[in-house]
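Okay, thanks for coming, everyone. Let me put the thing up on the screen and then talk you through a few parts of it.

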Amino acid sequence: MGGCDGESTNICVRFFINVVRWLPVVFVAAIVGWAYYAYVYQLTILTVESLPIQILYLVVFHILLILFIASYYQTIFAQLPKPPPEFYLTRECIEELNESNEDSQHTEILQRFVHLQGLQIRTRAFEGGVRYCHKCKCIKPDRSHHCSICSQCVRKFDHHCPWVNTCVSFHNYKFFILFLGYGFSLCLWGALTDLPYFIQFWQNNNMNRVVFGQFNVVFLFFVSSMFCLSLGCLFFYHLLLTGRNRTTLESFRPPLFTHGPDKRAYDMGISRNYRQVFGSKPILWLLPIYSSHGNGIDFASRLESIEATRLLDCTDEDDDDEEFFNRIV
Ligand SMILES: [Zn+2]
Ligand SMILES: [Zn+2]
């Protein structure tokens, strides 16, 4: 009986946590729903008098709104894949880890596992060993981190965002940037087109006879300006991060390598960095359709290119030596 009660309490708690986690998304949906009513009905249909301006307002607003909602939906419901199966420790390996008491033994066991599985790992933990997730019992792929809210290791983890109720990571990063960009554009459009009617309201000194419709038009300006500012800051910050190929986490805590921390490790130049997130086809860049490059496990690194250049230099030198030798002969 007791166990059963415990189980149902657990289910209740999990259900309650799930409901709470969706509240910010419900809040965003409610704001969008109200803004639609205020913009389309109260502002465009009831307040704006010219038909061509009404059509212009409605067309631009609906295009931005559809792109915004599609990007938001894709950000929330994009898959959140775990690391591939070969990154998970075998049962024997976990038992061996549990039996060993010393850190040096732990490091050795994990390094042996990485070697046997042939895992391509460059980043290191603080103590210099392989990065291991004690909760998932897996080796963390480069740029992956454990999210305690999603209860899993997440590929190219950026941050956990309560407004989308999921992790912003490799598989939804493009959608997240588009969501911020279209949200910013929509709010900017709303604020700018509402501005003349907002000014008109205060000039007419209508303070004493605020009717419901006018209240919506005035409030719409405040809400769209406020969201325009906050979404704009986030949007341009993430554009900057994308240009440098850095996650939010990496911008605060650079990834560690055997040679130490290197915040520019994945910076392959602005064009390649953007193509990693947005893909190679320009037609898809602004559409909420998946087009990112890679698998979220292996990442091109600047360190590789430096090494390749060094190797090329060596080969050139060898060629020179060969030429010199041939000339002598
Ligand atoms: Zn984990
Ligand atoms: Zn998360």
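So, look at where Cys93, Glu96 and Leu97 of α3 come up against His106, Ile109 and Phe113 of α4. Sorted by class, that contact has four nonpolar residues, one polar and one charged. And yes, before anyone asks, this is a predicted model.

How do these two helices sit? Helix α3 covers residues 91-99 and helix α4 covers residues 103-117, and they pack at about 165 degrees with axes 9 Å apart. Anything over 145 degrees counts as roughly antiparallel, so that is what we call α3 and α4. Their crossing is right-handed.

Now swing over to α2 and α5. Helix α2 is residues 51-77, helix α5 is residues 173-203, and here the angle is about 155 degrees, with the axes 8 Å apart. So α2 runs roughly antiparallel to α5. The crossing of α2 with α5 is left-handed.

Who makes that contact? On the α2 side you've got, among them, Tyr57, Phe61, Leu64, Phe68 and Tyr72, and α5 brings residues including Phe175, Phe179, Tyr182, Leu186 and Trp189. There are a few others in there too, such as Ser71 and Gln74 from α2 and Gly183 and Ser185 from α5. By class, the contact between α2 and α5 comes to 15 nonpolar and six polar residues, with no charged ones.

What does UniProt say? Its entry, which is unreviewed, puts "transmembrane region" at residues 19-39, 51-73, 175-199 and 219-240. In the model, residues 19-39 are 100% helix, with the end C-alpha atoms 30 Å apart. Residues 219-240 are 100% helix as well, and there the end C-alpha atoms lie 32 Å apart.

Last thing, confidence. Mean pLDDT for the chain is 89, and 88% of the residues get to 70 or more. Where is it highest and where is it lowest? The top is α2, at 98, and the bottom is helix α10, residues 302-328, with a mean of 50. Over residues 314-329 pLDDT stays under 50, and the model has zero contacts for them beyond four places in sequence. Where pLDDT is low, don't read the predicted coordinates in detail.

Definitions and conventions
Residues numbered from 1 in each chain as written. Chains lettered and ligands numbered in written order. Predicted model: local features only at pLDDT ≥ 70, side-chain atom pairs only at ≥ 80, totals over all residues. Axes fitted to C-alpha atoms, helices over the stretch in contact; angles between N-to-C directions. Helix = DSSP H or I, 4+ residues; strand = E, 2+ residues; numbered from the N terminus. Parallel < 35°, antiparallel > 145°, perpendicular 65-115°, else oblique. Left-handed = near helix turned anticlockwise from the far one by under 90°. Contact = placed C-beta atoms within 7 Å. Nonpolar A, V, L, I, M, F, W, Y, C, P; charged D, E, K, R; others polar. pLDDT = per-residue confidence, 0-100. UniProt positions renumbered as here; feature names shortened; annotations may be inferred.
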